Each structure stands twice: as C-alpha cells, then as structure tokens.
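Hi,

Here is the structure I promised to pass on. Have a look at it first, and my notes follow underneath.

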Amino acid sequence: MRDEELRIKLVEYGQRLMAEGLVTGPGGNLSARAGNIIYLSPSGLAFDEMGAGDYVGMDLNSGEVIEGEGRPTSEYLVHLVCYRKRSDIGAVVHTHPRYTVALSSAGHDIKAMFPDFHIYTHSKTPHIDYITVNTQELADAVEGVVEDANVIVLRNHGAVAIGGHLKEAYYRMASLEEGAQVQLLAMQVGSPRFLTKGELKELDDLATEKYRRKLLEQSE
Ligand SMILES: [Zn+2]
C-alpha cells in the first residue's frame, strides 16, 4: 500500500474509533507502518479533526520525525516498542475505552466469555498495573508482554491492540471493549462463566473459526 493510501486508511479508522465510542475527544491514538516509517496520529487533535496530511511520519529505527508539521501523539513510545519488537505488526491502536478501563481498574481481568472475543483477539490478554502515561517505563512494560499478545490492558488507563494491518488492530480493540462490556453486564446479574482452556482450544481447531480469522488476516 502506498503511503498516501495508508494515511487515508488511518483517517478512516480514526473516524470509526470515534463512531464506535472507543475514544473521547483527542484521547487515543493510532499508527500504521509503511516499510521503515510509521505514521502516527498527531498530538492534540481529535480523530474527526484530522486529515490525511496531519499524520506524522517517524523513522522506526531512529524515532525521529521525518514527515509532517505537527507533533506525533505523546504516547508514541508505546507504538514504537510494538513495531520494534514484532516485525509482523502493521498497525497499533491505543485508546481509553470506558468498559475496559472500568473493569480492569476495579481489579478484574478481562477474559473470554464468548467465542468472538477469543477468535478476534487471538492471544492471551495481559493486564499491566498503572504506570505514568507517556513514560519509557510504560513503553518498557508493553514491550515486555507484546511478543505473544495482540491486546494488552493498561489498568487505570486504557488498552493497546495490534494487528498485521489497521482493520485487524481495530477489530481487536473493538472485541476487547465488547468483551469488557459483556463481562460487566454478566457480573451485574450473576457470576460470569468464562470459556475454559479446553473450550478455547476447541475453537482454535474449528475449521469455520480458522476461516474467519484468516479472512480478517488477509483483508485490509
Ligand atoms: Zn493512553
């Protein structure tokens, strides 16, 4: 995908995050990789105020801004460590979604209660205790778990979702937040039963679910 097309996609997915209620105002940020450059949402703008030209290009190796006028998101360190740690990552979504923040900040772990959550997140879901935002310490903590996680919960803060491309990262963030919402609803009417390891393994082995994952993996 050419850089210009990627910037247009970034605008589109930023708007989807807003429409789905996954971000509020200028909170949350988004990036995608084109070769050795990552395009990051700018600091201080809401997704519905951004145009393709507002995305800031950063050299993945040096961390220097090489394209764009504005500043990249102040949370860029978290994005950088994800791309540096995993070469299969093409996009990173970081938001502060309300149900994920509510449940995890109250000490609960968000876990699979229904198949879609597991199919789309397709990994374990590590939870990181609160660390001051925009610090190298927070980025280091994310780096420590991202190798085998596609969604990471940051207690009292938000979540990070990664994917081979924007659509995959976006679906994973939306699935995490849906899971948190369903879990919270279940807790209000009883004790949620989570899917067991055996049940998750069975889902992984189902041809129909493998197909759904593959479709998402291959689409952009
Ligand atoms: Zn944040």
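Let me start in the middle of the sheet: β1 and β5 pair in the antiparallel sense over four bridges, where two strands count as paired if DSSP finds at least two bridges between them. Strands here are DSSP runs of E with at least two residues, helices are runs of H or I with at least four, and both are numbered from the N terminus.

Before going further, two notes on the ground rules. This is a predicted model, so local features need pLDDT of at least 70 and side-chain atom pairs count only at pLDDT 80 or more, while totals for chains, interfaces and linings use all residues. Residues are numbered from 1 along each chain as its sequence is written.

Back to β5. Within the β1 pairing, Leu30 stands opposite Val93 of β5. On its other pairing, β5 joins β8, again antiparallel, over five bridges, and His94 has Val160 in β8 as its bridge partner. The strand is mostly covered, with five of its five residues buried. By buried I mean 20 or more other C-beta atoms within 10 Å of the residue's own; 12 or fewer is exposed, anything in between is partly exposed, and the C-beta atoms are placed from the backbone. In a regular strand the side chains alternate between the two faces of the sheet. In β5 both faces are covered: Ala91, Val93 and Thr95 are buried on one side, and Val92 and His94 on the other.

Zooming out, the eight strands form an open sheet with mixed pairing, in the order β4-β3-β2-β1-β5-β8-β7-β6. The edges are β4 (65-67) and β6 (127-128); each has a single partner strand, so one side of each is left without a neighbour in the sheet. At the β4 end, β3 (residues 56-59) is joined to β4 by two bridges and runs antiparallel to β4. One residue pair there is Gly57 with Glu67 of β4.

Now the helices on the sheet. Helix α1 (residues 3-19) lies across β1 (29-34), β2 (37-40) and β5 (91-95), at about 155 degrees to β1. Angles run from 0 to 180 degrees between N-to-C directions, and axes are lines fitted to C-alpha atoms, for helices over the stretch in contact. Contact means that two C-beta atoms, placed from the backbone, lie within 7 Å. Helix α3 (residues 98-105) lies across β6, β7 (151-154) and β8 (158-163), and runs at about 120 degrees to β8.

What else does α3 pack against? Helix α6 (residues 166-189), at an angle of about 55 degrees and with the axes 8 Å apart. The two helices are therefore oblique to each other; under 35 degrees would be roughly parallel, over 145 roughly antiparallel, 65 to 115 roughly perpendicular, and the rest is oblique. From α3 the contact uses Tyr99, Thr100, Ala102 and Leu103, and from α6 Leu176, Glu177, Ala180, Gln181, Gln183 and Leu184. Buried residues in α3 include Thr100, Val101, Leu103 and Ser104, and β6, β7, β8 and α6 are among what covers the buried residues of this helix. Just after α3, Gly107 takes a positive phi of about 95 degrees.

Two non-glycines also caught my eye. Asn134, in the loop between β6 and α5, has a positive phi of about 65 degrees; with 13 other C-beta atoms within 10 Å, Asn134 is partly exposed. Asn156, in the loop between β7 and β8, has a positive phi of about 60 degrees and is partly exposed too, with 14 such neighbours.

One more residue, Ala141, sits in helix α5 (residues 136-145). Ala141 counts as partly exposed because it has 19 C-beta neighbours inside 10 Å. Beyond the neighbours within four places in sequence, Ala141 is in contact with Ile128 and Ile131.

Finally, the overall numbers. The protein has eight helices and eight strands. Its radius of gyration is 17 Å, close to the 17 Å that the globule rule gives for 220 residues, so it is as compact as a globular protein of that length; the radius is taken over C-alpha atoms, and the rule is 2.2 Å times the number of residues to the power 0.38. Of the 220 residues, 40% count as buried.

Cheers
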